Structures are given as structure tokens and as C-alpha cells.
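Q: Please take a close look at the place where the two chains meet, and describe how each chain is built around that place. I am in my first year, so a careful and connected account would help me.

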Amino acid sequence: MPIVVACFKWVVDEAYIRKGSDGKLDFSAVDYKIGEYDRNAIEEAARLRDAGGGGSVIGITVGAPDSAKGVKDGLSRGMDQAFFASDPSFKDLEPSQTAAILAEVIRTRIPQFDLITCGEGSSDLYAQQVGPRLAELLGIPCVCFVQKLSLEGGKLVADRRVEDGIEVVEAPLPALVTVLPDINTPRIPGVKDTLMAGKKPVTAIKKDELAGSFEGTLKTEAMTASSLERTGEKLAADAAGIARFVDSLRKSGVIR
Amino acid sequence: MAGIWIIAETREQALELLGAGRSLAPGMGAALTAIVRKEAGPPEETIARGADEVFLLPELPPDQPFGAHLPVIEQEAKAVSPDVILFISSARGKEMAARLAARLGAGLCSGCTALAFDKASGSIRMERLAYGGAAIQKLTSSAKPVVVTVPPRSFEPAQTMDGRQGKTRELPSPPPSAVRILERKPKEKVAKDITEARVIVCAGRGFDRKEDLALARELADALGGELGATRPLTEEMHWLPEDLCIGLSGVQVKPELYVGLGVSGQIQHMTGVRGAKIVCAVNRDENAPIFALSDFGIVGSLYEVVPKIIEELKK
């Protein structure tokens, strides 16, 4: 009966980020969500728990206090309990800092586990570092970019996707995996899941309850809007529109 | 003397990383060290193309993954403290870069799209994409080392220079890794490499059935291009191989022409085509985000519009 730790992050939904007139990012209309890839990590943890005939899924996240919404959201997606390390300064952390805080929480509060699951990257920074860094800080084996996973006899067997194909690997437990989106289809929580989530235990951890300073190493000088906008001429689906479409292609010189 | 390291699995990676390393080395007054597998080519060539020193990674037993080299590389890094360590952001490269950074207590800039040394401040300046490509994050590092992963094909491969000399040394074999490879399944080469395509017709969720992709293929043929796809088609529906998935987490392409059919235009996908010369779209939803990110497009059902475009192209 496996104990699986699922890491997740409450992030800005990038679909609502607007570009301000000054080229800055406009976050005024944004909503938040559990990172897309982290949903696969939670689902995989729940799947392994259920396949193992019991056990539990312990969710863990690091963030500013307003990430509390994300903790409840995560609990509605199959987690049994959650650890929430929060502090106003835990906003916009570097991956190295997030990994260090997660490692400290796991070391001091989760004495026994079989597996840690992480998404392949966060939906906001997508630096793809926290998983492998966390494995190193805990001194456990690490398998990244997993698209198929099973646990048996104290080890994991995983298909990891690399550029030249698939590596089928095994590693002794406890270990850490980062999972690809096609490993499963995350559940969409129903009303009952949301109600149940409110009753599940959450352990809140404040910064001063953690040992360590969690300093960053890089400095973000600026975060500016990228410009993908083009002229955006819309044509009708009539004969004139189609003729103009093809004519524009020809004039641009891209058709040979 | 300052040091720049590149760590590569293949020749292609080594040449691009040497190109990246050489762009930094003169300003930093740094020596360039290439840590490469033997498959990355003869050390003489690596030296001729810019390395001052080559560390050869020993061959591993068949069940050992590339990551097994980590403890040896860590030890070398701790002994000589390089300033910058460069990897290609391949699956193995990304994993090893993050693990090495953790072991060295170093910062890591993932998916670095711009890299420069700022002499005045003595810091490395880096740029990367964030928020699915909606933002550019500008980072600096004054601490050393800083680890950097660069996407494939971001730097020109280093060219051969005359009269270059350097030392070569073989690194020791690492202890066995806890992760063991049971089987390697090479990729079946079903799809053409769209990263080199001049024209890409990309199919999105607007297609109702897998069979209907024939329409996209037909347009690709008419334009002399290749077929690409958005992530739902490769990872949820499995209608097309994952190599054809364009976007931040798939392949990034730079065709002369990109045509999105039934593609809504999510930022993660469109970031993958930002290098395209012309972007156009066919989508029945006039409010689809792709229109604002296109040069021009037709508002209409792809099922009605695409056959007419093909017909018009024949004229």
C-alpha cells in the first residue's frame, strides 16, 4: 500500500495575462489554477494508491498564503491530506528555493513515503527543475519525463521519454518521478469531491517553523510581455476572402 | 582563469554548445572545457571547433543511464569551479542540469533563449520564456557557477578554426546508478522532421475525426509542406505522433509559412511558431486568439474553406 507524495503549484492562469500598453504584463484580470502538469502528478499518485490497494496520497505545495485555495483544489483531485508551506515571501520563488522548502518539509514531516510525483514542469515558469532538484536534496533516485509507471516489489518501473525513444528503467523506492501529460487523464472534480476536500486534513507550515534560509541564486531583473501579435487580418469564407488569402500567400513569397 | 563548461551527449549538441560557449568566452576571458561522450566526435575536432580542453566521458555499461556520470562531473566541478555550465535542453540534459545544479547549490536558467556576459557588472545575463511564452523573463547571475540549458538549434554550430591545440583527458568511470535501464526502445521514425520544414500545416482541435486529417495533409502537399499538430491531437487523441506536436513543451519551428487549421491559438502552442515568417489561420470562431497572432486568416469552417483554398492554389 504505497504512500505517494504529490507536489503541486498554484499558478497564474496564463490565458488571462494581458499585455499592458507599456509592454508590461497585466495581471489585473488573472485567475489562478493548479498547474496543468501537476494535475497529472496528483492523478498518477492517486492511481498508484488505488492500484496498490490502499495507502495514501499526501499533497504538498509551497506558496504565498493566498495559495490556500489551491490546497483545497488539490484535495478535490484525489489527495488524502496536504502540507502547505506558506509565507508572503514564498511568492515568485526560484525553482531552487521551492525545491529546498519542499525538501525540508518532507524531511521533517513525512517520515515515510514510497514515491514522490511531480509534473514535468510548472505551468508558469516551466523551468522543469523542482523535481530533479528535490530528488537530489533528499538523496533519492530520480526518473524524469515518465509516461508510464508501476510500482512492484520495492521498486518502480517506468517508461521515460527521451529524444531518441523510450528508456524503460527501474529504480529502488523511495524515488521521485516527473510525469508527462500523456501518463493519465486527470479527473475533473465534481461537487462531491469539492465538498469532501474541505474535510480532509491540511497541515499549515509557517516559514519560521522550517530550518533554512532558502536564499535564491539568480536574480529576475524583469518579466516583460513577449510580442507574438501580428497584423491579424480577418477574411470572410467567401470566394473573395479565399482569393485574397491565396493571393496574400503568393505575394509573401512563401509559395514556390 | 574563468571557465566555461559544455556537457554534451552527441556531436550536434557539442557543436551548438561550443558555439554558445565561444560567444561568451572572449568577453569573460574564459577557457572552454567540453565534457562529451565519445559519440560526440574525436577530441581533435572538438578542440579545433573551440574547446581548450576535452574531458571524455567513459563508455557506460548498457544498463546505465547518462545521468550515471553525475557524481564524476560533480566532483570535477567542485575541484575547478567553472563559472558557467552549459547543457542542451534535451530530456537527459535538462534532468542532469537540474541535478548538478542542486548538488552544486547553483542557479539554473532553463530554456535560455539569450545569453551574454556583462563585463561592467561581471554577471551573466540570460533570457527565457515564462507563462507559456506570454512573458520574457530576464535573469542575471553573479554567483558561480551558473548552470544554463539552451534549446536545440538556438546557437550556430561552432566552425573549425586553424592552429588550435588543447588537452584531452578521460574521466573516471562512475559508480553504478540506482536507476537502471531495462530496455531501450528506439523511436520509430514515422514522422518527418518538421523542425526543418519550410511550410507547416498544423491541425488543431477543429478537426472532428482522425480521418479528416487527410484534408490537412492535402493542403500541406499543395503547399509543399509538412503536417504538424497541437498538443491535444498528439497527447490526448493520439491521432499523430508526438514529434509533430508544436509548442513550448513540444518542438519549436521556424518555417517560412505556418497555416493553423482549427487551431485556437493557445499561447503555449503559438510560442512554438514565433519564428515563422508568415502565420495564417482558418478557424470558425472569429474570437479565437489565433487571429490576433496571425498575419491573416479566414473565419470559417475548415471543412468548407480548405478544399476551396486547395482549388484556388491550383489555379
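A: Chain A holds 6 helices and 15 strands, and in this predicted model its C-alpha atoms fill a box of roughly 70 × 40 × 40 Å along the principal axes. Of the 256 residues that make up chain A, 50% count as buried, where buried means that 20 or more other C-beta atoms lie within 10 Å of the residue's own. If one takes the contacts in chain A with a separation of 6 or more, residues 24 or more positions apart account for 70% of them.

Before turning to the meeting place, it is useful to know how confident the predictor is. Chain B averages a pLDDT of 94, and 99% of its residues score at least 70, while the model as a whole scores ipTM 0.94 and pTM 0.91. Where pLDDT is low, the predicted coordinates should not be read in detail.

Now to the part you asked about. In the contact between the chains, 70 residues of chain B touch 65 residues of chain A. Within chain B, the element that gives the most to this side is helix 4, residues 91-104, which supplies 9 residues. Sorted by class, the side of chain B that touches chain A consists of 38 nonpolar, 12 polar and 20 charged residues.

The chains also share a sheet. Strand 14 of chain A, residues 219-225, pairs with strand 8 of chain B, residues 135-141, in the antiparallel sense and over 6 bridges. Two positions let you follow this pairing in the structure: Ala222(A) stands opposite Lys138(B) in strand 8 of chain B, and Thr224(A) stands opposite Ile136(B) in that strand. The pairing belongs to an open sheet of 4 strands with antiparallel pairing, whose order is 14(A)-8(B)-7(B)-6(B). At its edges lie strand 14 of chain A and strand 6 of chain B, residues 112-118, each of which pairs on one side only. Between neighbouring strands of this sheet the turn averages 20 degrees, with direction ignored.

Chain B has another sheet, which can be read in a similar way. It is an open sheet of 7 strands with parallel pairing, in the order 5-9-4-1-2-3-10 of chain B. Its edge strands are strand 5, residues 107-109, and strand 10, residues 167-170, of chain B, and each of them pairs on one side only. From one strand to the next, the twist in this sheet averages 20 degrees. One of its pairings joins strand 2 of chain B, residues 30-37, to strand 3 of chain B, residues 53-57, in the parallel sense over 5 bridges, and there Ile35(B) stands opposite Phe55(B) in strand 3 of chain B.

Finally, consider how chain B is divided. Its domain assignment gives domain 1, residues 2-170, and domain 2, residues 194-314, and the centres of these two domains of chain B, taken over C-alpha atoms, are separated by 34 Å. In the contact between them, 6 residues of domain 1 of chain B touch 7 residues of domain 2 of chain B, and the domain 1 side of this contact is made of 3 nonpolar, 2 polar and 1 charged residues.

Methods:
Residues are numbered from 1 along each chain as its sequence is written. Chains are lettered from A and ligands numbered from 1 in the order in which they are written. This is a predicted model: local features need pLDDT of at least 70, side-chain atom pairs count only at pLDDT 80 or more; totals for chains, interfaces and linings use all residues. Domain bounds come from an automatic or database domain assignment. Two residues are in contact if their C-beta atoms, placed from the backbone, lie within 7 Å. Ala, Val, Leu, Ile, Met, Phe, Trp, Tyr, Cys and Pro count as nonpolar, Asp, Glu, Lys and Arg as charged, and the others, Gly among them, as polar. Two strands pair if DSSP finds at least two bridges between them. A residue is buried if 20 or more other C-beta atoms lie within 10 Å of its own, exposed if 12 or fewer, and partly exposed in between; C-beta atoms are placed from the backbone. Axes are lines fitted to C-alpha atoms, for helices over the stretch in contact, and angles run from 0 to 180 degrees between N-to-C directions. pLDDT is the predictor's confidence in each residue, from 0 to 100.
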